[in-house]
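Hi,

Here is the structure I said I would pass on to you. Have a look at it first, and then read on for my notes.

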Amino acid sequence: MLDGLDLARPELLSGQSLIDGAWTDCERVIPVINPATGRKIGDVGDCGAHDAERAVAAASRALPGWRAIAPRTRQAALLRWRELILANAEDLARILTAEQGKPLVEARGEIHYAASFLEWFAEEAKRAYGDIIPGHQPDKRLLVLREPVGVVGAITPWNFPAAMITRKVGPALAVGCTMVLKPSELTPYTALALARLAVESALIPPGVFNVVVGEAEPIGAVLTQDPRVRKFSFTGSTAVGKMLGARCMSTVKRVSLELGGNAPFIVFDDADLGQAVEGAIASKFRNTGQTCVCANRLLVQSGVYSAFAEHLAERVSELAVGDGLKGQMDQGPLINEAALRKVERHVEDARAGGASALTGGHALPGEGCFYAPTVLVDVAPDALLCREETFGPVAGLVRFETEAEAIGLANEGTAGLASYLYTRDLDRAFRVTEALRYGMVGVNTGLISTEVAPFGGVRESGLGREGARQGLDDYLDYKLMCLGLAPDPGGRSG
Ligand code: ADP
């Protein structure tokens, strides 16, 4: 086993997929690499279309039983699973850091965040209320029932290998759906460890939650095209999400998409600069810049531009970078070589357009995919790093003069996930929030994610919401029961 992993329960690191309650071996395997060292952690089984179909069949068989039980029984199952996750949080965090790279402190935070979705949706299981509508005719009664959509196919990314799973499986299982999940092949161990604990809970019957690890394309084809899958939920890149979402239309599945962002982070002259710098660190550098809500373009008003840039560069230069399993780190590696190359390309492009680095601006020598935390000033608004998600530890600062100019720059492009603004003027806070075409706006904060608030985007950043009471909606259908009453024998009706 990988040095430094040191698990209390080594059996949690397993490469077998979970299909119909059974651990499945495959003929072929996929190696999983630790991005901090470039070394292999182990091999996981590479399931194909056939295994995905078996999982869908199992989820279909399990559906009638699971949807029929009382919500409080499903609640108990989710809460038991959550307890086991928390009891094994340290092992899960270590597995997560080993395959994903984020510092251990962030991995521990993610495990608790992941567990919070199970807690929240366990509570919400009892609150999938319908409506009773006054009848449109005297002899009619209208009841709107809420029912689980059915078998859910889910695909999740590598940047939050635990939380992106529970925010889908939590609501799905809570309302009585069953699920086939394909986690990222870059970070499958965390998903499989979560699945082990689901089985250990002994309250989630076989087939209700299946995890199929393997090459993306064949499994994705089943999850998006099999008619038994009635809902598809995806978190990942915009290009892949669009393609998979379009495929779902051949069988008219319900679709939820949580896609890329290109978050603007606006600092006005009247901001509290200390707060803005800390917010920028939290938003830009969390998970080494690899979150879909990471600040991607820092728009800073000219009156505070230099002061903000210097203060930020000072803080960024202090960030400890290294292998999260080997000491206290603030920044880990990027997920792989391709991610490192993309960051390099964005920085080169910004420099070619006149930007310069106050700190960082280069990859770090030695093993692993490390890039120095970077602050770039004088970035042109049309630089690559303002137009595409950089997904790396690079804060590019663009200068602006007026509020209208900032709003115009912020709304450029097609993404609409997270945005941030810093001001001490309440009128401006409302004015700018209302003008930003984004699903989420952080005002004087760089951290906006919680299980109790609806997370999601507008424009090309996605469809649907995760977390909060709205998070249940994507897994529920409406059914109208239109009841016709017989005439009142006493002749009082009408
Ligand atoms: P990222 O750029 O964040 O890696 P991707 O969209 O490539 O985002 O990956 C997100 C998830 O989508 C992963 O689980 C990945 O395996 C999956 N994925 C990527 N391409 C496909 C595809 N063609 N079909 C099905 N799933 C895919």
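Below is what I found around the ligand, in the pocket and in the cavities.

First, a caution: this is a predicted model, and the numbers below are computed from it.

Let's start with the ligand. Its shell is made up of 17 residues, and the ones that come nearest are T156, W158, K182, E185 and S237. If you sort that shell by class, you get eight nonpolar, six polar and three charged residues.

Three of those nearest residues are worth zooming in on. With T156 the backbone does the job: one of its N or O atoms lies 2.7 Å from an oxygen atom of the ligand. E185 uses its side chain instead, with a polar atom 2.6 Å from a ligand oxygen. S237 also brings in a polar side-chain atom, and that one sits 2.6 Å from an oxygen of the ligand. As for cover, the ligand has 550 Å² of accessible area on its own, and the protein covers 78% of that.

Which elements should you colour to see the shell? Try α7 (216–225), β10 (229–235) and α8 (238–248), since each of them supplies at least two residues to it.

Now zoom out a little. The space that the ligand takes is the largest pocket, which holds about 1,200 Å³. Its lining runs to 50 residues, and G236, S237, T238, G260 and E389 are the ones nearest the pocket centre. So S237 turns up twice, once beside the ligand and once by the centre of the pocket. Elements giving two or more residues to this lining are α7, β10, α8, β13 (295–301), α11 (337–352) and α12 (384–387). Of these, α8 gives the largest share, with six residues. By class, the pocket lining has 22 nonpolar, 15 polar and 13 charged residues.

What about the cavities? The structure has four of them at 30 Å³ or more. The largest one holds about 80 Å³ of space. Around that cavity you will find Y113, F160, M164, R167, R286, T291, C292, V293, S449 and F455. Six of its lining residues are nonpolar, two are polar and two are charged.

If you only have a minute, go to the ligand and pick out E185 and S237, each with a polar side-chain atom 2.6 Å from a ligand oxygen.

Cheers

Conventions:
Residues numbered from 1 in each chain as written. Predicted model: local features only at pLDDT ≥ 70, side-chain atom pairs only at ≥ 80, totals over all residues. Heavy atoms only, no water. Near = heavy atom within 4 Å. Polar contact = N/O pair within 3.5 Å; in protein donor to acceptor, adjacent residues only side chain to side chain. Areas by Shrake-Rupley, 256 points an atom, 1.4 Å probe, with all protein chains shown as cover. 1 Å grid on protein atoms, 1.4 Å probe; cavity = no way out; pocket = protein on both sides within 12 Å on 5 of 7 lines; lining within 4 Å. Sits in = over half its atoms within 2 Å of the grid points. Helix = DSSP H or I, 4+ residues; strand = E, 2+ residues; numbered from the N terminus. Nonpolar A, V, L, I, M, F, W, Y, C, P; charged D, E, K, R; others polar. Points joined across faces, edges and corners; volume = space filled by probe spheres on them.
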